[in-house]
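Reader: I am new to this structure and would like a close look at one part of it. Please start with a pair of helices and then work outward from there.

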Amino acid sequence: MIRHLVLFKLNDGVERDEPRVVEGVKAFRALGEQIPELSFWECDWNITDRPIAYDFAINSAVEDTDALKRYIEHPAHQAGVALWREFATWVIADYEF
């Protein structure tokens with residue numbers, strides 16, 4: 001299994017309740033039901049206000065590197081990424097477990 005972790009930081013001046021952000025969150029929350037390669041899916045807002053904290057997180061799992069590739073290339077994932085690219089940056093970690 002491969003764990004796929006993503007941490008998002010909203011760009012300066014961007015607020016969680018902006019319509020484009022709300023749309024991006026909605027798109028990512030739906031991925032768990034849209035992409036069959038995902039064996040585990042959760043995402044939500046950070047609940048702490050520490051300065052080093054990121055704003056939004058995705059924690060997911062797929063079976064293997066082929067499934068990870070299919071997930072990344074899936075049109076629903078690509079559409080969500082395109083939305084988030086407009087208002088956030090992110091870091092990713094993929095590891096076997």
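Within what distance do the axes of helix 2 (residues 65–73) and helix 3 (residues 75–85) come, and at roughly what angle do they cross?

Author: The model is predicted, and what follows is computed from it. The axes of helix 2 and helix 3 come within 5 Å and cross at roughly 55°. An angle from 65 to 115 degrees would count as roughly perpendicular and one under 35 as roughly parallel. Helix 2 and helix 3 are therefore oblique to each other. On the side of helix 2 the contact is made by Y71, I72 and E73, and on the side of helix 3 by P75, H77 and Q78. Sorted by character, the residues of this contact comprise 3 nonpolar, 2 polar and 1 charged.

E73 has a further partner. The side chains of E73 and K69 form a salt bridge, with 2.5 Å from N to O. E73 and K69 are 4 residues apart in helix 2, so about one helical turn separates them. K69 counts as partly exposed because its relative accessibility is 48%.

K69 also serves as a reference point for strand 1 (2–10). V6, which lies in strand 1, has its C-alpha atom 15 Å from that of K69, although 63 residues along the chain lie between these positions as a separation. With a relative accessibility of 5%, V6 counts as buried. Leaving aside neighbours within four places in sequence, V6 is in contact with F56, A57 and I58, and also with W90, V91 and I92. Of these partners, F56, A57 and I58 fall in the range of strand 3 (56–62), while W90, V91 and I92 fall in that of strand 4 (88–96).

Before strand 1 comes the segment that holds M1. The C-alpha atom of M1 is 9.7 Å from that of A67, and these two residues are 66 apart along the chain. M1 has a relative accessible area of 33% and is therefore partly exposed. Residues up to four places away in sequence aside, M1 touches S39, A61, V62, E63, Y95, E96 and F97.

On the other side of helix 3 in sequence is F87, in the loop between helix 3 and strand 4. F87 is buried, with a relative accessible area of 0%. F87 and N11 are 76 residues apart along the chain, yet their C-alpha atoms are separated by 5.5 Å. N11 is also one of the residues F87 touches, and the others are K9, L10, V14, R20, V21 and G24, not counting residues up to four places away in sequence.

R20, a contact of F87, takes part in a salt bridge with E18, at 3.0 Å from N to O. R20 is partly exposed, because its relative accessibility is 37%. In total the model has 4 salt bridges. Another of them joins D44 and R29, whose closest N and O atoms are 2.7 Å apart. This pair links distant parts of the chain, D44 being in strand 2 and R29 in helix 1 (residues 19–34), 15 residues apart. D44 is partly exposed with a relative accessible area of 41%, and R29 is also partly exposed, at 43%.

Side chains of opposite charge can pair when their charged atoms come close. D55 gives a case without a salt bridge. D55 lies in the loop between strand 2 (38–45) and strand 3. D55 is buried, and the nearest side chain of opposite charge, that of R16, is 4.8 Å away. A salt bridge needs a nitrogen and an oxygen within 4 Å, so this distance does not qualify. D55 nevertheless touches R16, and also F8, K9, L10, W45 and N46, when residues up to four places away in sequence are not counted. K9 and L10 are contacts of F87 as well.

Technical notes. Residues are numbered from 1 along each chain as its sequence is written. This is a predicted model: local features need pLDDT of at least 70, side-chain atom pairs count only at pLDDT 80 or more; totals for chains, interfaces and linings use all residues. Side-chain values use heavy atoms; hydrogens and water are left out. Axes are lines fitted to C-alpha atoms, for helices over the stretch in contact, and angles run from 0 to 180 degrees between N-to-C directions. Helices (H or I, at least four residues) and strands (E, at least two) are DSSP runs, numbered from the N terminus. Angles under 35 degrees count as roughly parallel, over 145 as roughly antiparallel, 65 to 115 as roughly perpendicular and the rest as oblique. Contact means heavy atoms within 4.5 Å. Ala, Val, Leu, Ile, Met, Phe, Trp, Tyr, Cys and Pro count as nonpolar, Asp, Glu, Lys and Arg as charged, and the others, Gly among them, as polar. Buried means under 20% relative accessible area, exposed over 50%, partly exposed in between (1.4 Å probe, protein chains only). Lys and Arg count as positive and Asp and Glu as negative; His and the chain ends are not counted.
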